[in-house]
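Biologist: Let's go through this model together. I'll ask, you reason, and please keep it brisk.

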Amino acid sequence: MTVIIGILAIILFGYLFVNFIYPKFSVLEKITVGYLLGIGIFTLVLFVVNIRGIPYGINPSSIILLLLIIISIALNYIFKTNKYLKFNLDLQKIIKELIRYSRLEKFLIFSIAFLAINSFLINIYWPVTEWDSLVLYDFRAKIFPITGFMNEAISLGYFFGYPLLTSLAHMWVYLLGGENPMFLYSLFYLSLIICFYFALTRSVHSRKFALLFTLLLAVSNLIFEHSTWAYTNLPYSIFLFTGITYGYLWQKEKDWGLLFISAIFVGLSIWTRTAEPFWLGIVLTVIIFLLIKKKILQAFIYPVIVVMIRNPWIKFNAVITGKNLSIERSVTSSVASVSKNIDWHTISIVGNYLWTYIISRHLLLLLIFLISLTFLPKMVIKKDISLIHLTFAIFIIFGMVVLGTYIFSYSLSTWNEIGDSAYRMTMFIIPLILYYVALVLNNYANK
Amino acid sequence: MHGKLKFYQLIIALLFVPLLPLLAETFIYSGFFKNFFNADISYIIYIGILAGTYYLFFNKDKHEPLIDLLINLLILLLFVTTVAVFILGYLEEVNFPNYVFSVFHVHYHNIPALVSYVFYLLFLLLIKNETKTLLIEKKLSLKLTSAVFFLLSVYLVNNSNQTLSLIERKVITILVKPNITYNEKMSKEWGFFYNYMLFVRENTPSDAIVHLPPKLDPWQLTGNIGLVRYFLYPRQLVNTSDPFSLSNKKFDYLLISKGFFTQAGESGHGWPKIPIEADKIWYIDENTKEVEEFNGQFIPHTSKDWGLIKLVNN
């Protein structure tokens with residue numbers, strides 16, 4: 001019971017915070033976006049205050065969450081967004097409306113619900129069992145509360161390759177008396193499905209169409225499987241996808257709240273995994289489009305938000321490991337190293353690796369994406385800036401996958417032994433391409 | 001009109017044809033289609049999906065008096081086959097491996113493929129039945145959109161098959177053993193390795209320093225300090241990279257570990273490889289999990305596969 005209250009408190013904080021930033025979201029959207037933002041910001045704050053001397057423990061963590069809720073309520077009242085806080089969830093009305101849905105819609109909703117229920121069922125029963133989770137993510141969650149600080153983990157060596165979002169989320173469940181934090185991943189899965197659906201309905205205006213693509217996302221084996229694994233790949237993919245999507249929606253709806261949410265999500269993707277630099281591509285895309293629109297201030301604020309979320313972990317990591325992961329240094333050294341190491345032999349080996357582990361495994365979606373690109377000239381003619389923005393972001397990220405693999409091929413001797421990891425790393429391609437294809441088909445195929 | 005009707009009938013037939021080999025793979029034997037046609041069963045499924053795409057996008061005839069009946073039949077078939085996956089999986093789990101085949105002559109592992117195709121058929125007919133505006137008049141757009149729909153349908157069938165198989169694997173245990181403990185679940189996932197970790201945990205104090213085998217081929221599990229630490233924390237762990245020597249660091253217990261990996265590498269299975277003066281030795285049987293206690297020296301190759309040594313100087 002305390003676990004349920006603890007998770008509801010995170011959702012409440014997220015709900016209030018989302019309502020403050022973008023009150024136009026529907027209730028369900030506020031809940032799901034609220035869960036994602038809530039768990040991300042709460043764990044980040046826990047980490048930051050821990051560095052400042054406040055231990056990981058049930059009392060300090062509860063007080064921090066309570067403070068976050070109070071601050072969010074205050075923000076809503078100060079900025080007068082509290083009038084949107086009404087929680088109009090009329091179940092009777094919803095059920096009546098559901099009954100009126102067509103057979104196809106009921107079939108799609110039932111299929112999505114079947115998948116989500118099974119994800120919860122599996123996670124409520126099965127504990128954390130995967131190798132990486134035991135060695136790293138869940139282990140950190142178990143030893144942090146013993147001393148309240150991270151020194152023990154640091155002394156044991158290899159713990160700081162990956163940020164702490166999922167570990168601290170597990171820890172919160174353990175602190176609340178829970179024994180199994182796996183349900184958090186079902187909540188991530190459900191949040192992805194609901195965010196995807198609502199983000200799509202904002203553009204396609206056809207419930208059937210949006211549900212159809214949402215089912216395609218929910219049934220994806222890689223996504224579903226990861227909803228039953230305590231790995232960081234699913235949360236990371238969700239934050240990256242939502243970061244890109246809300247950036248696109250900002251272009252479409254011109255509401256700064258959406259851009260703000262996009263920036264937070266991109267920042268939280270770094271708080272989940274630092275190994276992949278895809279966030280740079282998203283930030284670069286947004287900055288370019290903001291500068292085209294001559295929005296200099298926003299072009300400054302967006303990366304500042306991302307870096308503000310990124311910095312605590314990066315600085316802490318630099319102190320612990322002695323490695324400086326500054327953006328400028330990473331970018332300049334990468335560009336310099338690529339220009340020094342171009343040769344056809346490596347290109348062919350990398351090409352073969354990309355084909356085996358990424359392209360062939362995502363082949364269907366990549367083919368669909370290629371077909372969708374035939375509508376690109378229409379987008380340009382129509383000056384559909386929002387879809388061009390999305391296309392540009394996807395191209396930059398795909399380019400980073402290729403370039404990043406190339407850099408790894410000569411900078412890491414074991415680069416080609418982690419094929420499955422490369423596949424997992426590109427999991428975000430699934431929601432991203434499905435979303436893109438749905439938009440393109442809806443906007444251009446029938447016009 | 002007659003020719004058109006025939007073509008329409010051919011498309012409908014092609015749409016339903018994959019059900020036959022899928023049923024044959026379930027009720028006759030796995031690999032039935034490959035045996036007769038020397039091709040993977042997925043090809044006939046793709047042909048069915050191609051027919052479905054044509055039916056949805058290019059067929060403007062309205063010979064669909066039976067579509068409602070077909071939809072109802074498919075709903076029933078989808079329900080029956082999905083329930084069958086779980087019931088047969090349950091029966092297999094509570095009895096013995098291959099029980100379902102030996103009693104019912106059903107390859108129940110092939111049913112998810114059948115379910116996924118029925119799911120696709122139902123999905124297609126519902127779209128056809130409800131979406132009147134799908135036909136796109138511009139030729140290029142129509143071809144491109146139908147190509148996308150074809151690929152998305154293949155994606156749907158492939159993924160629903162894999163996901164249902166995954167759900168079946170995980171959920172069957174829940175149905176068969178809803179009340180098992182955390183240790184039993186971990187044992188089911190990790191096998192004897194987890195029982196062995198529990199055994200070491202039970203026989204060592206929390207401040208013990210335990211010597212593990214090296215992290216080489218046969219001992220990738222028991223020699224992996226990061227992994228073993230999850231189960232034995234707060235005990236301290238040490239090991240070396242040489243299977244024939246021990247660490248210079250202080251330690252008071254050693255694992256006796258045959259190794260799980262079939263690849264033995266140069267050093268072969270079984271560790272420690274040198275005699276150890278022991279205060280006490282516990283052996284655990286891999287099959288029965290029974291523990292035996294001995295006093296005296298540990299001699300490699302003459303002892304049992306799995307156990308724990310308490311050093312004499314403790």
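Biologist: Which loop of chain B holds Pro272(B)?

Modeller: Keep in mind that this is a predicted model. Pro272(B) follows Trp271(B), and the peptide bond between them is cis, with omega near 5 degrees. Most peptide bonds are trans. The place of Pro272(B) is the loop between β3 (253–256) and β4 (278–284) of chain B.

Biologist: What is omega for the peptide bond from Tyr233(B) to Pro234(B)?

Modeller: Pro234(B) sits in a loop of chain B, between α11 (225–232) and β2 (236–238). The bond leading into Pro234(B) from Tyr233(B) is cis, with omega near 15 degrees.

Biologist: Is Asn98(B) buried, partly exposed or exposed?

Modeller: Asn98(B) lies in the loop between α5 (67–94) and α6 (99–104) of chain B. Its phi is positive, about 75 degrees, although Asn98(B) is not a glycine. Buried means under 20% relative accessible area and exposed means over 50%. Asn98(B) has 47%, so it counts as partly exposed.

Biologist: What is the phi of Lys289(B)?

Modeller: Lys289(B) is found in the loop between β4 and β5 (291–294) of chain B. Its relative accessibility is 35%, so it is partly exposed. Most residues other than glycine have a negative phi. Lys289(B) is not a glycine, yet its phi is positive, at about 65 degrees.

Biologist: Which helix gives the largest share of the largest nonpolar core?

Modeller: That core has 252 residues. Among the members that touch the most others are Trp271(A), Tyr435(A) and Phe123(B). The largest share is 18 residues, and it comes from helix α8 (residues 139–176) of chain B.

Biologist: How many residues make up the other core, with Ile209(B) and Leu311(B) among them?

Modeller: This core lies apart from the largest one. Ile281(B) and Ile309(B) are also among its members. Its count is 14 residues.

Biologist: How many residues apart are Phe47(A) and Phe316(A)?

Modeller: Both are buried. They form an edge-to-face aromatic pair, 5.2 Å centre to centre with 85 degrees between the planes. Phe47(A) is in helix α2 (residues 27–51) of chain A and Phe316(A) in helix α15 (residues 296–321) of chain A. The pair links distant parts of the chain, 269 residues apart.

Biologist: What accessible area does the nonpolar surface patch with Leu91(A) have together?

Modeller: Leu91(A) belongs to helix α4 (residues 91–100) of chain A. Its relative accessible area is 57%, so Leu91(A) is exposed. Other patch members include Phe87(A), Ile94(A) and Leu98(A). Together the patch has about 660 Å².

Key
Residues are numbered from 1 along each chain as its sequence is written. Chains are lettered from A and ligands numbered from 1 in the order in which they are written. This is a predicted model: local features need pLDDT of at least 70, side-chain atom pairs count only at pLDDT 80 or more; totals for chains, interfaces and linings use all residues. Side-chain values use heavy atoms; hydrogens and water are left out. A nonpolar core is a set of buried Ala, Val, Leu, Ile, Met, Phe, Trp, Tyr and Cys residues joined through side-chain atoms within 4.5 Å. Buried means under 20% relative accessible area, exposed over 50%, partly exposed in between (1.4 Å probe, protein chains only). Helices (H or I, at least four residues) and strands (E, at least two) are DSSP runs, numbered from the N terminus. Patches are made of residues with over 30% relative accessible area and no salt bridge: like charges are joined within 9 Å, nonpolar side chains (Val, Leu, Ile, Met, Phe, Trp, Tyr) within 5 Å. Accessible areas come from the Shrake-Rupley method with a 1.4 Å probe; for residues, only the protein chains shown count as cover. A salt bridge is a side-chain nitrogen of Lys or Arg within 4 Å of a carboxyl oxygen of Asp or Glu. Rings of Phe, Tyr and Trp (its six-membered ring) pair if their centres lie within 6.5 Å; planes under 30 degrees apart count as stacked, over 60 as edge-to-face and the rest as tilted.
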